[in-house]
Amino acid sequence: MNKILIVDDEKAICDLIELNLSASGYLCMTAQDGLKAIELIDKEKFDLLLLDIMLPGVDGYDILEYARPYKIPVIFITAKHEVKERVKGLKLGADDYLVKPFDVVELVARVEAVLRRYHKAQQVLTVGDVVVDMEARRVMRAGKPVVLTNKEFKLLVLFVTNKNIALFRENLYERVWEEEYYCDSRTLDLHVQRLRRKLGWEHNLVAVYKVGYRLEVPD
């Protein structure tokens, strides 16, 4: 299980990120100031750092420099949206840069992308009797192969990596189809229906009124 350190001086943001990443199968620790973050980096082994830039004690740039010998990938999550700030962070060695406010689905996707780049991403995901092999792009249900289209597989990965989180229709459509969502489109609904049928998720993959869909998995 990948361990992630979340560093932000706003506890509510730390809690939000921790809640969603934990639901996606990550082990999370949090810190609200730079000195505490450095203390944890020295004591624990992390697979990824999510760093705010403006922090009490030691800022995110200094934490990035401090963590360099540990070779831990870093994603900056900050309200600093200016191009020069993004360029500075990336030049210092950050692997990605996400501006607040951010979408939870995008955050999880960026975390997955960075971990995959470092070969730390989970290659096999399991939900009940469904097993998803990310590298082989193979899906098994109760030991038997399930044939999915490319878009069905992409949808499945989004649901599995965001278990128990309500995902907006617009985000699902735009991430899978890579084009702007049209409110009268039935394409997404049809793909969700096929996933339900193929995976036996008629009671797990539920519609969320005025939002989209959620994969409900017992804790």
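The following exchange goes through the terms used for this predicted model and the values behind them.

Colleague: What should I keep in mind about the numbering and the confidence limits?

Modeller: Residues are numbered from 1 along each chain as its sequence is written, and side-chain values use heavy atoms, with hydrogens and water left out. Because this is a predicted model, local features need pLDDT of at least 70 and side-chain atom pairs count only at pLDDT 80 or more, while totals for chains, interfaces and linings use all residues.

Colleague: What makes S2-S1-S3-S4-S5 an open sheet, and how are its edge strands recognised?

Modeller: Strands (E, at least two residues) and helices (H or I, at least four) are DSSP runs numbered from the N terminus, and two strands pair if DSSP finds at least two bridges between them. Five strands in that order, with parallel pairing, form the open sheet; strand S2 (27-31) and S5 are its edge strands, since each pairs on one side only. The twist averages 20° from one strand to the next, where axes are lines fitted to C-alpha atoms, for helices over the stretch in contact, and angles run from 0 to 180 degrees between N-to-C directions.

Colleague: How do you know that S4 and S5 pair?

Modeller: S4 and S5 are joined in the parallel sense over four bridges, and the definition asks for at least two, so they count as paired. Phe-76, for instance, has Tyr-97 in S5 as its bridge partner.

Colleague: Which strands does H5 lie across, and at what angle does H5 run to S5?

Modeller: H5 lies across S1, S3, S4 and S5, running at about 175° to S5. Helix H2 (residues 34-43) lies across strand S1 (3-7), S2 and strand S3 (48-51), at about 140° to S2.

Colleague: Why is Leu-19 called exposed?

Modeller: Buried means under 20% relative accessible area, exposed over 50%, and partly exposed in between, with a 1.4 Å probe and protein chains only. Leu-19, in helix H1 (residues 11-23), has a relative accessible area of 61%, and is therefore exposed.

Colleague: What makes a set of residues a nonpolar core?

Modeller: The set must consist of buried Ala, Val, Leu, Ile, Met, Phe, Trp, Tyr and Cys residues joined through side-chain atoms within 4.5 Å. The largest such core has 52 residues, of which Leu-50, Val-111 and Phe-159 touch the most other members. A second, separate core of 22 residues includes Ala-31, Leu-55, Tyr-61 and Ile-72.

Colleague: How do you know that the buried residues of H8 line one face of the helix?

Modeller: Those residues are Leu-188, Asp-189, His-191, Val-192, Leu-195, Arg-196 and Leu-199. Seen down the axis of H8, they fall within an arc of 165°, so they line one face; the arc is that of the directions from the helix axis to the C-beta atoms. H8 is followed by Gly-200, whose phi is positive, near 70°.

Colleague: What makes the backbone at Lys-71, Lys-210 and Pro-101 worth a remark?

Modeller: Most residues other than glycine have a negative phi, and most peptide bonds are trans. Phi of Lys-71, however, is near 55°, and that of Lys-210 is about 65°. Lys-71 is exposed, with a relative accessible area of 68%, and Lys-210 also counts as exposed, at 71%. The peptide bond from Lys-100 to Pro-101 is cis, with omega near -10°, and Pro-101 lies in the loop between strand S5 (96-99) and helix H5 (104-117).

Technical notes. Contact means heavy atoms within 4.5 Å.
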